[in-house]
Amino acid sequence: MKKIVPIIVALLLSISHCLATGNYATSWQKGTSFYEQKQYDSAAFYFEQIAAQKPQNAELYYNLGNTYYRLNKIALSILNFERALRINPDYKEANDNLMLAQGRISNHIPQTGDIFFIKWWDSITNPTKATLWAIIALITFILIIAALTVRHFQKPWEKRLPAQLPGILGFICILFLFFAFSAAKNSEQHSGAIVMEGDAPMMNNELKGKPMTLLPEGTCVKIISRKDNWVEIRLPDGRNGWVQQNLLEKI
């Protein structure tokens, strides 16, 4: 009896996985079909069914972005293009359509250019590169072991590897591990969000008085901190303020 239980559990898990895969494929096919027929509400329904499973699929969010753009739901369109780019920063079509959607924002807040080393660091610690840096760090560690082994077994009259080589490789290994850790942390603590309602009031630090400004729908912001149902944000032009949490959707 004890041997049968794990078999039953494994069988149920396999069936569940097959059903999920089948539903995924069916929803994708129906969403694509409705989009081609210009029935965008139905297309969005089926694409959202897939998105509810939170897959790491840039094409899905690209399709959703296009669908909501056709429905003139600009904030949702921008949100999904940004999600596609978060998974695949080199997705040219998503980036092109994102700029097209942002062009539909009234009173669009332009992005202030970051200093070159900030752009460099953001590129290095992009969440999508965490695995790459970890693999490189592992390869470097293997090279350290290999270098130490070769030096240990080399004969005195043979040309020896430089004594500094393991130390240099060790420094490189630690550097790539740091990159991997930073990229993984950025993945867990992603702070981008989209303003989902038009004329969203941004308040000062005291949360009193008149709004500092009214944010247009579709504005991309960075979350700095939280306090009750308020969120401190940074605008693309560098200004900081507070908005209500329910007016934002995380990327």
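**Helix packing and buried residues in the predicted model**

Helices H3 and H4 are roughly antiparallel to each other, because the angle between them, about 165 degrees, falls in the range over 145 degrees that counts as roughly antiparallel. In this predicted model, H3 spans residues 58-70 and H4 spans residues 74-87, and the axes of the two helices lie 7 Å apart. The crossing in which H3 passes H4 is left-handed. On the H3 side, the contact is formed by Ala58, Tyr61, Tyr62, Leu64, Gly65, Asn66, Tyr68 and Tyr69, which meet Ile74, Leu76, Ser77, Asn80, Phe81, Arg83, Ala84 and Ile87 on the H4 side. By residue class, the contact of H3 with H4 comprises 11 nonpolar residues, four polar residues and one charged residue.

H3 also packs against helix H5, here at an angle of about 25 degrees and with the axes 10 Å apart. Since angles under 35 degrees count as roughly parallel, H3 and H5 are therefore roughly parallel to each other. H3 passes H5, as well, in a left-handed crossing. Tyr62, Asn66 and Tyr69 are the residues that H3 brings to this contact, whereas H5 contributes Glu93, Ala94, Asn97, Leu100 and Ala101. The residues of the contact of H3 with H5 are divided into five nonpolar, two polar and one charged.

The largest nonpolar core of the model contains 25 residues, and those that touch the most other members are Leu60, Tyr62, Leu64, Ile78, Ala84, Tyr91 and Ala94. At least two residues of this core are supplied by each of four helices, namely H2 (40-51), H3, H4 and H5 (92-102). Ala84, when its neighbours within four places in sequence are left aside, is in contact with Ala58, Tyr61, Tyr62, Tyr91 and Ala94. A further core lies apart from the one just described; it is made up of 14 residues, including Ala200, Met202, Leu215 and Ile223. In soluble globular proteins, nonpolar side chains tend to be buried together.

Over the protein chain as a whole, the secondary structure amounts to eight helices and seven strands. The chain has 251 residues, of which 34% count as buried. Among the contacts in the protein chain with a separation of 6 or more, 54% are accounted for by residues 24 or more positions apart.

Two further buried positions, one in a strand and one in a loop, were examined individually. Glu232 is located in strand S5, which covers residues 230-234. This glutamate counts as buried because its relative accessible area, 16%, is under the 20% cut-off. Glu232 and Lys222 are 10 residues apart along the chain, and their C-alpha atoms are separated by 8.5 Å. With neighbours within four places in sequence left aside, the residues in contact with Glu232 are Lys222, Ile223, Ile224, Ser225, Asn240, Gly241 and Trp242. Ile223, one of these partners, is also among the residues of the 14-residue core.

Thr125 occupies a position in the loop between helix H6 (116-124) and helix H7 (130-153). Its relative accessibility is 2%, so Thr125 likewise counts as buried. Leaving aside neighbours within four places in sequence, Thr125 is in contact with Ser182, Ala183 and Asn186.

Methods. Residues numbered from 1 in each chain as written. Predicted model: local features only at pLDDT ≥ 70, side-chain atom pairs only at ≥ 80, totals over all residues. Heavy atoms only, no water. Axes fitted to C-alpha atoms, helices over the stretch in contact; angles between N-to-C directions. Parallel < 35°, antiparallel > 145°, perpendicular 65-115°, else oblique. Left-handed = near helix turned anticlockwise from the far one by under 90°. Contact = heavy atoms within 4.5 Å. Nonpolar A, V, L, I, M, F, W, Y, C, P; charged D, E, K, R; others polar. Core = buried A, V, L, I, M, F, W, Y, C linked by side-chain atoms within 4.5 Å. Buried < 20%, exposed > 50% of the residue type's maximum accessible area, 1.4 Å probe, protein only.
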